[in-house]
Amino acid sequence: MVSLARTLGIETSCDETSVAVLGRAGEIELNLLSSQIERHAPHGGVVPEIASREHLRVLPGMVREALTEAGGEIELLAVTNRPGLIGALLVGVRFAAALAWARSIPLVAVDHLAGHQASPFLRPGKAARESPSRTLALVASGGHSSWYLMTPDGSQQLGRTRDDAAGEAFDKVAKVLGLGYPGGPVVDRLARRGDASRVPLPRPRLKDSAVDFSFSGLKSAAIRSIRERGLEGRGEAKADQSVYDVLASFESAVVEHLLAPLPNLIEEHSPEVVTASGGVASNTLLRGRLREVAGLFSVEVLLPNKELTTDNAAMVARAGQLTFAHGYQDDPRCLDAVGRAAWQPPGMRRKAQASAGRAT
Ligand code: KG4
Ligand code: ZN
């Protein structure tokens, strides 16, 4: 097992403030989370300005708490610097950079999606599992839906959504039904009581790609179906069988669409392991169907514990730990936050100076 740096991770890319400490073997010593969901719920989605202010309010106290509780030496700081809400990201990035500079601790910036990809390998209470040589990784969250091929050389995006993310579609359909925000968990719960075959919905088809996704047509068809049945704004308290059926059908169409490329991807890339991460990877149907499909090809499935599917700093710390082990680090004096997603090919980042620590 490679010995890595004991790492403090910071995640502030959206509406969760999270601070984690990972031991050298990637074991989670501490994973603190402060959710802002209640602050955003009245607005039916995340309000960027509120998100930044909340991160600013709680982050310093959480870092202090983490350092006090975990004790011992922190050898590396890892912080999400992309993609996400720019104001929210900046809070974490500047805080981590200041801490790195003041304490002469090396700093690594982490792509949030690399964090999600690392999460299935974390095992609470144990050392993290070593990455296999070939992993097919689905990341499905409120902002992203993509398949990746992970190898020791890096991660390559194989397919992505052309419009909405899967989680975004769950959130919008739930909003129209008056089920509150975020929609995924409540849809998951109510869909368990429904019969998907009672509400037929069209399956998305992209003529030019078998790996990309499109969720906006499916979302609109579900919303049309909700309106035609007079279910708009019904809310959970008044939800009946017809609400459960629409949700079961919608959920099943989303899951089918996410997993449709999997058989071909397995045949093409011969992975040792298939993973799913991001908030949507909590979904009961997705977890079950993924095991079934991969099982047909005798490929192992690795899923994060439910609390590690949504945004958290343990996954950021793990991705940072692995990046640092490959000899990369970032300069705290000029590290910036970047709102948009960008997948840097391996080798594009600046190699760390031989002496890790404060850049001069
Ligand atoms: O990874 P995450 O916490 O944040 C982003 O990076 O976006 O994912 C949040 C998304 C939300 O859209 C939420 O509705 C969805 O994950 N989600 C779910 C479930 N739990 C959370 N979607 C479907 N089923 C669930 N059980
Ligand atoms: Zn996320």
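Accessible areas here come from the Shrake-Rupley method with a 1.4 Å probe. With that in hand, welcome to this predicted model, whose chain has an accessible surface of about 15500 Å². Carbon and sulfur atoms hold 51% of that surface.

Let us start with the whole chain. Along its length you will find twelve helices and ten strands. The chain is as compact as a globular protein of its length, because its radius of gyration of 20 Å is close to the 21 Å that the globule rule gives for 360 residues. If you draw a box along the principal axes, the C-alpha atoms fill roughly 65 × 45 × 35 Å. Of the 360 residues, 54% count as buried. Contacts also reach across the sequence: among those with a separation of 6 or more, 74% join residues that are 24 or more positions apart.

A good place to look next is helix α5, which runs over residues 166-176. Eight of its eleven residues are buried, so the helix is largely enclosed by the rest of the structure. You can pick these buried residues out one by one: Ala166, Gly167, Ala169, Phe170, Asp171, Val173, Ala174 and Val176. What do they pack against? Their partners are strand β7 (145-151) and three helices, α6 (183-191), α7 (216-228) and α8 (241-259). Just past the end of α5 comes Gly178, where the backbone takes a positive phi of about 75 degrees.

From α5 we can step across to helix α7, where Lys219 lies. Is Lys219 buried or exposed? With a relative accessible area of 12%, Lys219 is buried, because buried means under 20%. Leaving aside residues up to four places away in sequence, Lys219 touches Asp164, Ala169, Lys172, Val173 and Phe250. Two of these names are already familiar, since Ala169 and Val173 also appear among the buried residues of α5. For a sense of distance, compare the position of Lys219 with that of Arg340: they are 121 residues apart along the chain, and their C-alpha atoms are separated by 23 Å.

Now turn to ligand 1, which is surrounded by 21 residues. The closest are Gly142, Asp171, Gly184, Asp188 and Gly279. Asp171 brings us back to α5, as it is one of the buried residues of that helix. Several polar atoms of the protein face oxygen atoms of the ligand. A polar side-chain atom of Ser141 lies 3.4 Å from one ligand oxygen atom. On the backbone, a polar atom of Gly143 is 3.3 Å from an oxygen atom of ligand 1, and a polar atom of Gly184 is 2.9 Å from an oxygen atom of the ligand. On its own, ligand 1 has 550 Å² of accessible area, and the protein covers 90% of it. The elements that give two or more residues to the surrounding shell are α4 (112-118), α5 and α6. Of these, α6 supplies the largest share, four residues. Sorted by class, the shell has four nonpolar, 14 polar and three charged residues.

Our last stop is Asp330, in the segment after helix α12 (313-325). Asp330 has a relative accessible area of 17%, so it is buried. Which backbone atom lies 2.9 Å from a polar atom of the side chain of Asp330? That atom is the backbone nitrogen of Ala109.

Key:
Residues are numbered from 1 along each chain as its sequence is written. Chains are lettered from A and ligands numbered from 1 in the order in which they are written. This is a predicted model: local features need pLDDT of at least 70, side-chain atom pairs count only at pLDDT 80 or more; totals for chains, interfaces and linings use all residues. Side-chain values use heavy atoms; hydrogens and water are left out. Buried means under 20% relative accessible area, exposed over 50%, partly exposed in between (1.4 Å probe, protein chains only). A polar contact is a pair of N or O atoms within 3.5 Å; within protein, one must be able to donate a hydrogen and the other to accept it, and residues adjacent in sequence count only if both atoms are side-chain atoms. Contact means heavy atoms within 4.5 Å. A residue is near a molecule or strand if one of its heavy atoms lies within 4 Å of it. Ala, Val, Leu, Ile, Met, Phe, Trp, Tyr, Cys and Pro count as nonpolar, Asp, Glu, Lys and Arg as charged, and the others, Gly among them, as polar. The radius of gyration is taken over C-alpha atoms; the globule rule is 2.2 Å times the number of residues to the power 0.38.
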